[in-house]
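Biologist: Please take a close look at one part of this model, the region where the two chains meet, and relate it to the sheet within each chain. I should like a single connected account.

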Number of protein chains: 2
Amino acid sequence: MITYKPTDSELEILQIIWQDGPSSVRAINDILNQRREVGYTTTLKLMQIMNEKGIVERDTAAKSHIYRANAREYDTKNSLLTDFVNTTFQGSAMSLVMQALGNNQASQSELNELKDLISQIENQQPNGK
Amino acid sequence: MITYKPTDSELEILQIIWQDGPSSVRAINDILNQRREVGYTTTLKLMQIMNEKGIVERDTAAKSHIYRANAREYDTKNSLLTDFVNTTFQGSAMSLVMQALGNNQASQSELNELKDLISQIENQQPNGK
DNA sequence: TTAAAAATACGAAATGTTTCGTAGACCACT
DNA sequence: AGTGGTCTACGAAACATTTCGTATTTTTAA
């Protein structure tokens, strides 16, 4: 699966689209402006570039174009995650997991969820690696 | 703790320094060239800039300067991790952990290590969040 | 049917990163 | 003293990202 790696700015827009569904530039710019001041044409330009790159596609039928994400949220995050593990944790997903877990207070229910996942993995490959 | 956020190129150099200890430009460039072709002055310039930014410090006593990392490996990775969780997983370290774990085949000993960490966390705060 | 409002297209400045050529300094030999 | 090798310093090109001004097109509504 080929997922173009978005920049942080692009990812921020993608997150909005994943959350709200296909959106107009106006809608996205409004949300961005709840966080910080961004010019409308700045957002427009960014989204046009994302379109050129193939990160988003747009429906130009209506007056205001509607942009939708071209890749699934999960896939994109997975690609970013792999990349991050490679550059920052030298390919070791486990050391990332340990450090992420060690530095954040997880609730008991989250820990339970995690333990479930672990036993699920253990059952898939019951005899170790 | 103030850790300047390195770029990917800068991080690659930092990893070498963390691994090998304080190093000359020559030593680092040699290692980089085992991976891909990089001009000596390219590496030099990068490290000079890292020095200006305060990412590394250098000992200029000898002919060839010796560079050392200014921040600890753990702290730097933690800062990058926090940043990554915020931009990509909207602040949820747990969803990062779950996705990282779900997509990589962990060995039984790694899983055991992880389970140890979990029970350690559970003992620290035995009554949930 | 016009005038205002809202949208897109385009280009370019500002900024940051990466890459490397060239020049000059400093040694170590011969 | 002169030559070659190694190093640092400097500047600038190439590239990508971010930001936004201006022009143009489209829509709406009076």
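Modeller: A residue counts as buried if 20 or more other C-beta atoms lie within 10 Å of its own, as exposed if 12 or fewer do, and as partly exposed in between. The model is a predicted one, and this cut-off can be applied to a residue of helix H4 of chain A, A:Asn78. A:Asn78 has 18 other C-beta atoms within 10 Å and is therefore partly exposed. Leaving aside residues up to four places away in sequence, A:Asn78 touches B:Gln99 and B:Asn103. Within its own chain, A:Asn78 is 75 residues from A:Thr3 in sequence, while the C-alpha atoms of the two are 9.6 Å apart in space.

Helix H4 of chain A also holds A:Leu80. A:Leu80 has 18 C-beta neighbours inside 10 Å, so it too counts as partly exposed. Again not counting residues up to four places away in sequence, A:Leu80 touches A:Lys5 and B:Thr88. A separation of 27 Å lies between the C-alpha atoms of A:Leu80 and A:Glu37, which are 43 residues apart along the chain.

The helix that carries these residues packs on its counterpart. The axes of H4(A) and helix H4 (residues 73-88) of chain B are 12 Å apart, and the angle between the helices is about 175 degrees. H4(A) and H4(B) are therefore roughly antiparallel to each other. From H4(A), the residues that take part are A:Lys77, A:Leu80, A:Phe84 and A:Thr88, and they meet B:Lys77, B:Leu80, B:Phe84 and B:Thr88 in H4(B). By character, the residues of this helix contact comprise four nonpolar, two polar and two charged.

The pair of helices belongs to a wider contact, to which chain A gives 36 residues and chain B gives 36 residues. On the side of chain A that touches chain B, at least two residues come from each of H1, helix H4 (73-88), helix H5 (93-102) and helix H6 (108-124). The residues of that side comprise 17 nonpolar, 13 polar and six charged.

The arrangement of the copies can be stated next. A turn of 180 degrees, with a shift of 0.0 Å along the axis, lays chain A on chain B with an RMSD of 0.1 Å. The two copies are thus related as by a two-fold rotation axis. In chain A, the C-alpha nearest this axis belongs to A:Val97, at 2.7 Å from it. Both copies use the same surface, since 100% of the contact residues of chain A recur in chain B.

One of the helices on the touching side, H1, leads from the contact to the sheet. Helix H1 (residues 8-20) of chain A lies across S1 and S3 of chain A and runs at about 95 degrees to S3(A). The sheet of chain A is open, with three strands in the order S1-S3-S2 and antiparallel pairing. Strand S1 (23-24) and strand S2 (56-59) of chain A stand at the edges with a single partner strand each, so one side of each has no neighbour in the sheet.

S1(A) is joined to S3(A) by two bridges, and these strands run antiparallel; A:Ser24 stands opposite A:Ile66 in S3(A). S2(A) pairs with strand S3 (residues 66-69) of chain A over four bridges, also in the antiparallel sense. In S3(A), A:Arg68 is the bridge partner of A:Glu57, and A:Tyr67 stands opposite A:Arg58. A hairpin of six residues joins S2(A) to S3(A). The covered face of S3(A) shows A:Tyr67 and A:Ala69, and the uncovered face A:Ile66 and A:Arg68. In a regular strand the side chains alternate between the two faces of the sheet.

Chain B can be described in corresponding terms. Strand S1 (residues 23-24) of chain B and S3(B) run antiparallel and are joined by two bridges, with B:Ser23 opposite B:Tyr67 in S3(B). Strand S2 (residues 56-59) of chain B pairs with S3(B) over four bridges in the antiparallel sense, and B:Glu57 has B:Arg68 as its bridge partner in S3(B). S2(B) and S3(B) are joined by a hairpin through six residues. Strand S3 (residues 66-69) of chain B has B:Tyr67 and B:Ala69 on its covered face and B:Ile66 and B:Arg68 on its uncovered one.

Technical notes
Residues are numbered from 1 along each chain as its sequence is written. Chains are lettered from A and ligands numbered from 1 in the order in which they are written. This is a predicted model: local features need pLDDT of at least 70, side-chain atom pairs count only at pLDDT 80 or more; totals for chains, interfaces and linings use all residues. Two strands pair if DSSP finds at least two bridges between them. Two residues are in contact if their C-beta atoms, placed from the backbone, lie within 7 Å. Axes are lines fitted to C-alpha atoms, for helices over the stretch in contact, and angles run from 0 to 180 degrees between N-to-C directions. Ala, Val, Leu, Ile, Met, Phe, Trp, Tyr, Cys and Pro count as nonpolar, Asp, Glu, Lys and Arg as charged, and the others, Gly among them, as polar. Copies are superposed by least squares on the C-alpha atoms of residues with pLDDT of at least 70 in both. Angles under 35 degrees count as roughly parallel, over 145 as roughly antiparallel, 65 to 115 as roughly perpendicular and the rest as oblique.
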